[in-house]
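Colleague: Could you take me through one helix of this model in some detail? I'd like to hear what it packs against and how it sits in its chain.

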There are 2 protein chains.
Amino acid sequence: MPELRKGPLVGRWVIVAPERGRRPSDFRVEAAPEVQPKEGCPFCPGNEHLTPPEVYRVPGPGGGWRVRVVPNKFPALSDYPALDPAPQGPFLRLNGVGAHEVVIDSPDHAHDLDGLSQEQVELVVEAWVHRLRALGERFHYVQLFRNHGGGSGASLSHPHSQIIATPLVPPEVEGRLKAALEHWRRHGTCVVCTLIEKELSSGVRVVEASERFLVLTPYDSRFPFELSIVPRFHSHDFRSMNPKDRAAFAATLRRTLARIKRLLGDIPYNLCLQTSPTPKGDWPGLPVWYHWQLELLPRLTRPGGFEWGTGIYINPMPPEEAARHLREVVRGG
Amino acid sequence: MPELRKGPLVGRWVIVAPERGRRPSDFRVEAAPEVQPKEGCPFCPGNEHLTPPEVYRVPGPGGGWRVRVVPNKFPALSDYPALDPAPQGPFLRLNGVGAHEVVIDSPDHAHDLDGLSQEQVELVVEAWVHRLRALGERFHYVQLFRNHGGGSGASLSHPHSQIIATPLVPPEVEGRLKAALEHWRRHGTCVVCTLIEKELSSGVRVVEASERFLVLTPYDSRFPFELSIVPRFHSHDFRSMNPKDRAAFAATLRRTLARIKRLLGDIPYNLCLQTSPTPKGDWPGLPVWYHWQLELLPRLTRPGGFEWGTGIYINPMPPEEAARHLREVVRGG
């Protein structure tokens, strides 16, 4: 059974989630090959029986489906009745209460989001919003993320995203909430709205500015070619997008992934949504001062001992230069 | 020129350190092959001219050397006269003031620390202590770390460690200092001394307990088979070890690496030293309530979108089980 742990030396939370008794020898090699064959892929049509029963489905032609959401077979957090906090001396342990789902992009085994139709990506975004809303009713935070390619943490290559609902507001999110709230108290403005204004006026880190969304390389990028997709309109919660915004967001995401691939090839990357905690998260006034964004983290460098030891990242590619390269990419298709 | 940056959305510091104008195509593939040939290795005897002039040397037979310390050719932080803080709107920028050195274990291109003699590893530990002391006179914190093997962040395979001196106490270290100080204020004891007592009495996470050092799998391990080497005597600073303790520490480190390799093979790993900031770091009373340790992080799993988004790590190997496997390893030699 998964559990949440906190030790006395560092403020971090860790999820210990044993996967059916893996033995030391199972750790000797990297878990996943770069590209897996369609045969036996649990996310391909015809193999639906290999996943737990689906929680969301967009029906497709001929009794098939266009998007499926299923519980993760090896959940990091799961459906336990209660947290049952158990402090044992200096240690704190909670039951691994939460949820862990997989959003399967499409029946297509081989194509990432930028290779799917605009309509299909809109269906994916709609599925994200739907599941974030549903899980948000029961948990403090819901993390949407995507691991693409060998080296990204992905263990299955059929394109998919994942959603983990947590029984607490995660430390990384809490840090952002605190920074945004402090900015609000000092300046009376949303920190991201202020940032957007500055970035548009300097332009050096702007990759793309469409009517509704801004794509930029963050000033404090941890990784080469790190990107952020931010709504230009003030909005604290990804879930609150209307269908028109969702369509514009889907188009921006497709274009951005296409840019990355044109420039760098089919590299491993992570997507992490940073959005509002749920009402259970309890931050008064939050809709006024918080602002969601989607982070795209190419995994071209690997954090090493310095990063683990200090929490400071070394990035060999200045974000201003990365933005220039990404702007200059000419899009085909 | 490297610079330190802080943005308005997250509390993090990032070092932007362009390496001689790498272009996007240089990022298309992983930087380093798993094992590099001896030919052209800048850390091998005969190629000393390929590194910057050395700052420390243990002479060896025939005019050679046994340990060398040299400045990093592509430093993450370097010798600038001043930080020159430059707030630009919501952004804070500092010159990349600091130092970055490489400690070359030995002339041996192929053998990791556990494959070297006890005497040689003692010389390496002495070099660490010496450089940590020297750099500690000028900077707020000095981070000793080691990236071993492909996937660890290492870019050269000749066994070596690195030292980066920073002009501020890094956030990860600050978090630990705060936790230790809070424990001291509440309980009047060193949090690590308390932890050692608990761990010895339960025994479930103890891998090895010798007279001077304890090797354990932390309760809140982020990675499978994560380990910590902690002095059983109270000591806030790695630099303060006497020669007898240094010898015992070297022996513990060799044995621990040998255990890992017996169980898991020659896997990628990081070492991170967590020790006291320098007097410039300014934490009153610190010698009484802080306690150093060396962390060993096997890199068998890769952080993905969930970890980057939340700061919460998912570990599929319970530390109690990891400790049992590591205890059971029978050591040869």
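Modeller: Here's a close look at helix α2 of chain A, followed by its surroundings. Keep in mind that this is a predicted model, where local features need pLDDT of at least 70, side-chain atom pairs count only at pLDDT 80 or more, and totals for chains, interfaces and linings use all residues. Residues are numbered from 1 along each chain as its sequence is written, while chains are lettered from A and ligands numbered from 1 in the order in which they are written.

So, the helix. α2(A) runs over residues 171-187, 17 residues in total, with helices being DSSP runs of H or I of at least four residues and strands E runs of at least two, numbered from the N terminus. From first C-alpha to last it reaches 24 Å, close to the 24 Å expected at 1.5 Å a residue (that is, 1.5 Å times one less than the number of residues).

Now its two sides. V173(A), R176(A), A180(A) and H183(A) are buried, meaning that 20 or more other C-beta atoms, placed from the backbone, lie within 10 Å of a residue's own; exposed means 12 or fewer, and partly exposed is in between. These four sit on the same side of α2(A) because they cover an arc of only 95° around the axis, judged by the directions from the helix axis to the C-beta atoms. That fits the usual pattern: an α-helix has 3.6 residues a turn, so residues three or four places apart point the same way. Over on the other side, R185(A) and R186(A) are exposed.

What do the buried residues pack against? In chain A, their partners are β8, α3 (191-202), β13 (269-274) and α5 (286-289), and chain B adds α6 (305-310). Contact here means C-beta atoms, placed from the backbone, within 7 Å. Just after the helix, G188(A) takes a positive phi of about 70°.

Stepping back, the domain assignment gives domain 1 (40-166) and domain 2 (171-328) in chain A, with bounds from an automatic or database assignment. Their C-alpha centres are 22 Å apart, and 25 residues of domain 1 of chain A touch 27 of domain 2 of chain A. On the domain 1 side, α1 (118-136) and β8 (141-148) of chain A each supply at least two residues; α1(A) gives the largest share, nine residues. As for the whole of chain A, there are seven helices and 15 strands.

Note on methods
Contact = placed C-beta atoms within 7 Å.
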